[in-house]
Amino acid sequence: MNNFERFAGLVVAAVFAATALGPARASSDPSPAPPAKAAAAAPGKPSTSTADHGKFKVLQQGFKSGPEVTKACLTCHTEAAHQVQGTQHWNWEFMNPKTNQRLGKKHVINNFCTAIPSNYEFCTACHVGYGWKDENFDFTAQENVDCLVCHDTTGTYRKLPGWAGHPVYQDTEFPPKSGKMVKAVNLADVAQKVGKTGRNNCGACHFYGGGGDAVKHGDIDSSLREPARYLDVHMAKDGLNFTCGDCHKTTGHAVSGSRYNPTAVDTAKHIRGKEDGNAAACQACHGHAPHKEKTRLNVHAEKIACQTCHVPEFARGGKPTKMLWDWSTAGKLKDGKPFKTKDSGGHDAYDSRKGDFKYETNVIPEYIWFNGQVDYTLRETKLDPTQVVHINKFNGSPDDGRSKIWPIKLFKGKQPYDVGSNQLIVFHTYGQDDSALWSNFNWDKAIEFGMKEIGAQYSGKYAFVETDMAWPITHMVAPKEDALACKQCHTAPGRLDKVPGIYMPGRSGNELLDMAGWSIAGLTLLGVLGHGAGRIVASRRSKGHQGGHP
Amino acid sequence: MLKALLGFVAGAVVVALVGWLMMPSLMFTERVSPFGMEETIARIQHNIEDNPALKAKGWALSGLRNPARAVQTDGGNVLPVMMIEVCSTKYSKPILKEDTVRFLSILMPCKVSVYKKQDGKVYIGTMNAGLMGKLFGSLVGDVMSQVAEDQKLFLVMDPSTPAPEMILPQAAPAAGGGGPGGGC
Amino acid sequence: MSQRIYIFKGFERFWHWSQAFLIIFMLITGFEVHGSYSLMGFERAVDTHTFAAWTLVGLWCFAIFWHFTTGEWKQYIPTFDKITDMVKFYAIGIFTQAPHPYKVNPNRKHNPLQRLTYLGILAFVGPLIWVTGWFYIFHDQWHAWGWDAFLSLEWVAFFHTLAAFIFLAFVIAHVYLTTTGHTPLAHIKAMITGWEDVD
């Protein structure tokens, strides 16, 4: 551990978290695959599987590569690769049925690392496959499916950025020139110990989305590996101890729950299993009227997503989430060399490769009306550079009858666009060539290379545009006693101050009525006081004349 | 006569009521910080640690407390709150020496609280040392009025200077300065 | 000092004071729910406000029954007889120790101004606050009953608050006017004991 890592770990541990003494990692580490600490997905639970993979002859061989292991897996699990190849985890592609937009990592440009084309080797460390290093990747080859990344229980299987989805087969220094070694994976050992997918498997990528721990989502980070009760009432290690899959119920490798097409309003009549619907929705287990004592809250739930009250803040596990990424300042050099500066908590505030950042823990979400329809600003979308560009606009309104009030993380950024065409740009960040921004800090080259890679026209002139991106907040559900209290919204200013179209007692009243009402009451009071004073004066006078009580 | 007395009593009651209602805001002050939690803490810490005038007066960081963590350990959530503890023996000694006011040790060390509220903003809470001191005679009053003057320097927020590093208590040799029990 | 007459019967006094307590309590809690100040907390204010509302509903069931079986409802039949005298009395006479232009007796407990005011409260402001209050209480059922098509919480709240302000003004004036008897506490005593001294 270098000084910075130790410092970052201490910050996290000493400052915010009760339980962060685990594998605190610096957010600047580009590796999305963490050294998993806990070996088994659910420690302490004996396996109930009817198969001991250690006893299968086909797994007792000196595997040289990932695809060899996959071939062995497929000798028994004949349909597994086909199943995986039908999923987003494999295709990184999603056709949104509501908007007909072609989404998925393969297509969208976000305001974090922006886009995958021209950077495949780096990004595909999180692909459930082997060898996606350019656009010629064979999505039909079954042996390219990576079984182990989701089924490893040893915590020794790491896929590093730059290896196009392969684990390291030899001891490797990573990050390059860091002096730290990542050990070669023992494929046979990993293969013989496969098991059910656990938190560490999902977390290896999803905790580290956006280039580091907690960076992207805000409600998903490594603090959920072994969370305390305060942080996540479902996953608490001394509580329900859910894995990701307990909610994200998976059938035939298809995982329930979607961020591209979220279930904003769950109308299914299910308690899970009785009717089709999103198995990952709260209602799938809790139903539509979960408040048994305070039934008024069930009516609230007709307009308000569960998460609004039950995830009062996100990034509560002590890992700061990135709130801002400004690419426009990237490329500054000191003495011809890239550099970093830290913020007060020891997180990157500036990185020559990436620009300026802002981090925050315990973030109070933004609240919006959301009906589940998300419109993306895609490569082909024309944008208005004078406005903030919504990378993904969450639609909803108080009046459309299908929206609820949702908490979101609003992630702000600044990224390049083509001044000639008013479209977002794909640029080349990672690579061993002389065009990659992260090696050569030259925007012109990086953009030209990236645009050529996707076969797009580029005017040759770029500028930076402000962007924002919405992330629905749904994980890190707090214990029920920590849900928002009435007063936190029914007050002014309160949590829902910016949410239009609803009357909430305590938040908003008719100002004219209030003014008139208090005036009338005040004048009445003044009137009677004046009248009373007059009577006292009059009675004094008459007493002076007559003496004695009237 | 009776009326005059009644009037006097009524007046006294009103004054007492107003005083009672205003007490909290007089005894303590709260202001919004232009920075986030960590940066606010770091800036206050460095205002104290890096100011030679304050050093000369014996001020040193003596701790950084996190009451929110205890709540988390009990399974609950509260928004972040951190207490910067700071102390100077130059001020504490005369008070600790005098039997009649030794009980004021409960106010030591001096604290600056940094916390987030529902509006997402970070606030700085301090005790109104000057006023508090006046309640306990001239010795304490004198000391506390100087503390109040110094305290103003703790809270200077200058956005033109870069964000300093937060100083963590104990076991952080690399973090430098203000170790455990510094000052007192 | 002359005779004492029995004006307010037992139930009437009970009804008056419990209603007075409930209305003042609901003004306090109601304006907290409205967001005018913070006292007991929003949630408790809502709960106790609702509870007090149902208590008042119960009380009113008895009161309405009582008014009709005893014929006391006739006390609220409006009259404009002597009304200018009353206004003159409050505007001038009361400062010059002039005699009260209206003599109460058990069949005519309220002076003409009272009759008009109470009728206004009972017939207009009361129903306004009741109806809007019920809409408020049953807000969670609007959807199920199909009422959300023509009701808006904002307007329900508007009229509920409007009525509350009128009640507040009424309470202030009413409390003050109790001091306008032949001694400042005479009317209040009458509402406590039932007996009023009549000149």
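**Two helices, three chains**

Let's start in chain C, where helix α4 (residues 112-137) packs against α6(C) at an angle of about 140°, their axes 9 Å apart. Helices here are DSSP runs of H or I, at least four residues, numbered from the N terminus, and axes are lines fitted to C-alpha atoms over the stretch in contact, with angles running from 0 to 180 degrees between N-to-C directions. That angle makes α4(C) oblique to α6(C), because oblique covers whatever is not under 35 degrees, over 145, or 65 to 115.

This is a predicted model: local features need pLDDT of at least 70 and side-chain atom pairs 80 or more, while totals for chains, interfaces and linings use all residues. Residues are numbered from 1 along each chain as its sequence is written, with chains lettered from A and ligands numbered from 1 in the order written.

Among the α4(C) residues that meet α6(C) are Ile121(C) and Leu128(C), and the α6(C) side includes Phe159(C) and Phe167(C). Two residues are in contact if their C-beta atoms, placed from the backbone, lie within 7 Å.

Helix α6(C) also faces outward to a neighbour: the contact between chains C and A takes 24 residues from chain C and 28 residues from chain A. On the chain C side, α6(C) gives the most, with 12 residues.

How do the chains pair up? Of the 2 pairs of chains in contact, chains A and B share the most contacts. No contact joins chain B and chain C, whose closest C-alpha atoms lie 13 Å apart.

Finally, look at chain A, where Ile368(A) touches Phe394(A), Gly396(A), Trp406(A) and Ile408(A), not counting residues up to four places away in sequence.
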